[in-house]
Amino acid sequence: MIRRRPPHSTRQTGQTLHHRLSIATPVDFDFWRTAYSHGWCDLPPFSFDSNLRTLSRVLTLNEHTAVNCRLAAGPRSVHVLVSASAKLSAADRRQIQEQLRSCLRLGEDFGAFYDKAREHPLYRWIPRSGAGRLLRSPTVFEDTLKMLCTTNCTWALTRIMVTRLVRRFGRSFGGELYAFPSAGSIADSTESFLRRECSTGYRAPYILEFACRVDRAELDPESWRTSPLPTEELFKVIRTVKGIGPYAAGNILKLLGRYDYLGLDSWVRSRYSELHHSGRRVKDSTIERTYARYGHWRGLFFWLEMTRDWHDDKFNF
DNA sequence: GCGTCCAGGTCTACC
DNA sequence: GGTAGACCTGGACGC
């Protein structure tokens, strides 16, 4: 599944070594639709270039190593240019590939989703275009913390909070770029520092408590990805994180591969009203009733429909 | 440049 | 179970 170029693919410039990797992708995968599937590509340690259609990401390989990866689409593959301060071992390469495969959701089977989409004329564009995979972070800890930073604020403030958290607590790569911080590094901080230096406001105690629970192993968000719990039960577990309400928990579930919740916020409510009711606001229960027919894929159909014009503008289909 | 107002989701207290 | 108010910040706006 994972392919790698031969040894000559490593070259050195200054103190940074460059390595090339290639990751094989499923036939129904579209790189740019996945990279640009929602706002995560805009939050560090992700970044993107819409002209070149590349996605970049600083990854943590172990406690002491950060590398920068630039991803671009290749034929039935994703090409990865890895910048590192040292030569990568085979284990490092495997780790990079595993993390990126998880971010791009390459191990997940969307066949049933696409079959369902083909049943509805409104959604036939989805399997044709390879949309459906939502970009996620290497860890659930990161996804959850970022989701907390999207609550009750504008996207501009979310960017500020996440950027400052990453710069204050993340491992540096090359002096300019930073990896996402570990739970331990944030747990060692204080509420006042998070408020003052990261502009997290009233979320500071929630962020600190979440990081402390994870650091002390009282909570294991990574286990949510493989949890045997029914989605409703997992939703309740996620909601035990202070500051994570229905909107945030529903969207975290989507990044875990469970699409039973719509994850309603003001933007999607307004978007739904524009698309279906000429801008007239409707109750949440009305929206939920509309999408109930799509079963446990409803959250994904809903999100793709609400954001289809992103794709129309950029992909012209 | 300064002050005021607003948007945004969750928590808590109260009914 | 439902509701109101507080939380906090950056940005928009008016002066």
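**View 1. Gly257 follows helix 11 in this predicted model.** Gly257 has a positive phi of about 90°, and its place in the chain is just after helix 11. The model shown in this and the other views is a predicted one.

**View 2. Helix 11 is mostly covered.** Helix 11 spans residues 246-255, and nine of its ten residues are buried. The buried residues run through Tyr247, Ala248, Ala249, Gly250, Asn251, Ile252, Leu253, Lys254 and Leu255. Three helices pack against these buried residues: helix 5, helix 10 (231-238) and helix 14 (298-306).

**View 3. Thr144 is a buried residue of helix 5.** Helix 5 covers residues 140-149, with Thr144 among them. The relative accessibility of Thr144 is 0%, so Thr144 counts as buried. Apart from neighbours within four places in sequence, the residues in contact with Thr144 are Phe210, Trp224, Ile244 and Ile252. One of these contacts, Ile252, is also listed among the buried residues of helix 11. Helix 5 itself is one of the helices against which the buried residues of helix 11 pack. A view that also takes in Arg76 spans 31 Å between the C-alpha atoms of Thr144 and Arg76; along the chain, these two residues are 68 residues apart.

**View 4. The protein surrounds DNA strand B with 16 residues.** The closest of the 16 residues are Asn152, Gly243, Gly245, Asp265 and Ser266. Of the atoms of DNA strand B that come within 4 Å of the protein, 61% belong to sugar and phosphate. Helix 11 gives the largest share of the surface near DNA strand B, with three residues. By residue type, this surface holds eight nonpolar, five polar and three charged residues.

**View 5. Backbone atoms of Gly243, Ala248 and Ser266 lie by phosphate oxygens of DNA strand B.** For Gly243, the distance from a polar backbone atom to a phosphate oxygen of the strand is 2.7 Å. For Ser266, a backbone N or O atom is 2.7 Å from a phosphate oxygen of DNA strand B. For Ala248, a polar backbone atom and a phosphate oxygen of DNA strand B are 3.0 Å apart. Ala248 is also one of the buried residues of helix 11.

**View 6. Cys41 and Cys69 are buried cysteines without a disulfide partner.** A disulfide would need two cysteine sulfur atoms within 2.5 Å. From the sulfur of Cys41, the closest cysteine sulfur is in Cys103, 12 Å away, so the two are too far apart for a bond. From the sulfur of Cys69, the closest cysteine sulfur is also in Cys103, 9.2 Å away, and therefore too far for a bond. The count of disulfides comes to zero. Cys41 has a relative accessible area of 3% and is buried. Cys69 has a relative accessibility of 0%, which means that Cys69 counts as buried.

**View 7. Domain 1 and domain 2 of chain A are in contact.** Chain A is assigned domain 1 (2-109), domain 2 (140-244) and domain 3 (266-311). Between the C-alpha centres of domain 1 and domain 2 the distance is 23 Å. The contact between the two involves 21 residues of domain 1 and 19 residues of domain 2.

Key: Residues are numbered from 1 along each chain as its sequence is written. Chains are lettered from A and ligands numbered from 1 in the order in which they are written. This is a predicted model: local features need pLDDT of at least 70, side-chain atom pairs count only at pLDDT 80 or more; totals for chains, interfaces and linings use all residues. Side-chain values use heavy atoms; hydrogens and water are left out. Helices (H or I, at least four residues) and strands (E, at least two) are DSSP runs, numbered from the N terminus. Buried means under 20% relative accessible area, exposed over 50%, partly exposed in between (1.4 Å probe, protein chains only). Contact means heavy atoms within 4.5 Å. A residue is near a molecule or strand if one of its heavy atoms lies within 4 Å of it. A polar contact is a pair of N or O atoms within 3.5 Å; within protein, one must be able to donate a hydrogen and the other to accept it, and residues adjacent in sequence count only if both atoms are side-chain atoms. Ala, Val, Leu, Ile, Met, Phe, Trp, Tyr, Cys and Pro count as nonpolar, Asp, Glu, Lys and Arg as charged, and the others, Gly among them, as polar. Domain bounds come from an automatic or database domain assignment.
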